[in-house]
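Let's walk through this structure together, starting from a single side chain and working outward. Please have the viewer open and follow along.

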Amino acid sequence: MITLEFTTTDFETYILVLCVLGSVAAYTGPDLPKGPFCGKTRECCRDRLDSCAHRILDTLCYCDEFCDFNRAHDDCCPDYLPVCRNQTAEPGLILQPCRHRGQLYMPGQTRADNCNTCECVHDERTKKTEWSCERDACLMSDDVVYGVNQPGLGWRAYNYSQFYGKKLKDGLIYKLGTLPLSAETQRMLPIEYDSDEPLPDSFDARQRWPGYITPIVDQGWCGSDWAVSIAAIASDRFGIMSNGAESRVLAPQTLLSCGRRHQRGCGGGHVDVAWNFAGEHGLVEEKCFPYTAKAERCPYQPHGDLIQDGCPPQDPRRTARYKVGVPYRLLKEEDIMYDIKQSGPVQAVMTVYQDFFHYRDGIYRRSRHGDGQLQGLHSVRVVGWGEDRQEKFWIVANSWGTEWGENGYFRIARGADEAGIESFVVSAFSDVTTAFLRAPARRRT
């Protein structure tokens, strides 16, 4: 805290500062009583003690540590510094406030600028008071929205309030979550279909198998896209392959909490590790282990069954957890389409840049607007395809809730590996109870 000497012409500025702060600042001058206040009893109280106060100009000033100058509200008595801190101020110095949108902020006070924090700082060397702001890229950007929404791009951008105030570097961790693919993962067993069956111009698993396709999930502020997409795909395929007899919504929380080995929980996960866990240990239903967007303690034994888990199935012929077969990779556009048409949605790992967080509707293509240096991998669920004015697209389920995109879905250009959407596509057959199993599609490895 600094004690200031005011001239008469300075007093109006001083009164303005007092009105803004709603308190008595620690300044002295010819128009402000100098005391003694704290010096009356030399009582300087520790921490905050509201009774440690004196009457001044029809209000109170305080002699406790809570009134230090860098606090948001400065209401020290004028003699607080010399009496309680044994400090004196540079004569004649008047600290000017920082200004923002008609409001005044004293040094040490802060304000938010989207995802960044700005602090009002007084430079003792230059005697100037200025804003000092962080410069991190934010998840939401007016510049990105303006750039994308210019005519000709084919999709629209929007600023989502649920993302406002978040940093882009954090969004790439906690709104995505897929860790880099190892060379071994990228060598995952590929399959190629041997079929002369013509593929339609459009296909939507939601229309082909109504009631079997898992609703959109909101992963929250947790990098669990890998778990959410795998659990949804397994759920879809259990319903499809059993003709509805084993239509279940399976719990991504099983993967997030129980498949912890080599994984980082909400900090990210490896898709191959998650698929292998789903094959070896299996999943339980969502109603038994609801999603919490946290890597909580796993309540299940590694090799237990649904009865031991306390999650009895609807059909007595099912006692084992819901497992999947060996995951396989799809390399070509036609094979991806055929696999979806025959067996249900598949998982794709795409690259996400800043503009994708703003997607509202249309057919997404990377716009080059925003911070192009920061990017991350994102696991999503491809549920179909189509064409719009001769432009081909995939229909994809995201995991950011139904308020984002096209009711939680997005369309992305097909056939050009846009944002890497076709570079790593993987799925697995669900381990449906034999009594319900239908013949899988013919394929060759």
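A good place to start is Lys341, which is in contact with Glu197, Leu199, Pro200, Phe203, Trp209 and Trp385, once its neighbours within four places in sequence are left aside. Bear in mind throughout that this is a predicted model. Lys341 belongs to helix α11. Between the C-alpha atoms of Lys341 and Val383 there are 9.1 Å in space, while 42 residues separate the two in sequence.

Now look at the helix around Lys341. Eight of the 11 residues of α11 are buried, which leaves the helix mostly covered. Glu333, Asp335, Ile336, Met337, Tyr338, Asp339, Ile340 and Ser343 are the buried ones. Just past the end of α11 comes Gly344, with a positive phi of about 120°. On the other side of the helix, Leu331 sits in the loop that links β11 (328-330) to α11 (333-343). Not counting residues up to four places away in sequence, Leu331 touches Pro190 and Glu422. Its C-alpha atom is 7.6 Å from that of Ile191, although Leu331 and Ile191 are 140 residues apart along the chain.

How do such pairs fit into the whole chain? Taking contacts between residues at least 6 apart in sequence, 69% join residues at least 24 apart. The chain has 445 residues, and 51% of them are buried. Its secondary structure comprises 11 helices and 17 strands. About 21,300 Å² of the chain is exposed, with 46% of that area supplied by carbon and sulfur atoms.

Next, let's go inside. In soluble globular proteins, nonpolar side chains tend to be buried together. Here, the largest nonpolar core has 90 residues, and Leu255, Met350, Phe357, Trp394, Phe410 and Ile412 are those with the most contacts inside it. Helix α8 (residues 225-241) gives the most to this core, contributing 10 residues. There is also a second, separate core of 14 residues, with Cys76, Tyr80, Leu81 and Cys84 among them.

Helix α8 leads us to a helix pair worth a look. Two packed helices are described by the angle between their axes and the distance between the axes. For α8 and helix α10 (residues 271-280), the angle is about 40° and the axes are 10 Å apart. Angles under 35 degrees would count as roughly parallel, so α8 is oblique to α10 at this angle. The crossing of the two, α8 and α10, is right-handed. Where they meet, Trp226, Ile230 and Ile233 come from α8, and Val271, Ala274 and Trp275 come from α10.

Staying with α10, which of its residues are buried? They are Val271, Asp272, Ala274, Trp275, Phe277 and Ala278. The partners of these buried α10 residues include helices α6 (183-186), α8 and α9 (252-258), and they also pack against β12 (346-352), β14 (376-388) and β17 (425-427). Just after α10, Gly282 adopts a positive phi of about 85°.

Backbone angles deserve a short detour. Most residues other than glycine have a negative phi, and most peptide bonds are trans. Asn243 is not a glycine, yet it has a positive phi of about 55°. This residue, Asn243, lies in the loop between α8 and α9. Its relative accessibility is 53%, so Asn243 counts as exposed. Asp417, again not a glycine, likewise has a positive phi of about 55°. You will find Asp417 in the loop between β16 (409-413) and β17. With 32% relative accessibility, Asp417 counts as partly exposed.

We close with another lysine. Is Lys175 buried or exposed? At 4% relative accessibility, Lys175 counts as buried, because the cut-off for that class is under 20%. Lys175 is placed in the loop between α5 (168-174) and α6. Leaving aside neighbours within four places in sequence, Lys175 is in contact with Phe163, Asp170, Asp218, Gln219, Gly220, Trp221, Phe357, His378 and Trp400. One of these contacts, Phe357, takes us back to the largest nonpolar core, where Phe357 is one of the residues with the most contacts.

Conventions. Residues are numbered from 1 along each chain as its sequence is written. This is a predicted model: local features need pLDDT of at least 70, side-chain atom pairs count only at pLDDT 80 or more; totals for chains, interfaces and linings use all residues. Side-chain values use heavy atoms; hydrogens and water are left out. A nonpolar core is a set of buried Ala, Val, Leu, Ile, Met, Phe, Trp, Tyr and Cys residues joined through side-chain atoms within 4.5 Å. Buried means under 20% relative accessible area, exposed over 50%, partly exposed in between (1.4 Å probe, protein chains only). Helices (H or I, at least four residues) and strands (E, at least two) are DSSP runs, numbered from the N terminus. Contact means heavy atoms within 4.5 Å. Accessible areas come from the Shrake-Rupley method with a 1.4 Å probe; for residues, only the protein chains shown count as cover. Axes are lines fitted to C-alpha atoms, for helices over the stretch in contact, and angles run from 0 to 180 degrees between N-to-C directions. Angles under 35 degrees count as roughly parallel, over 145 as roughly antiparallel, 65 to 115 as roughly perpendicular and the rest as oblique. A crossing is left-handed if the near helix is turned anticlockwise from the far one by less than a right angle, and right-handed if clockwise.
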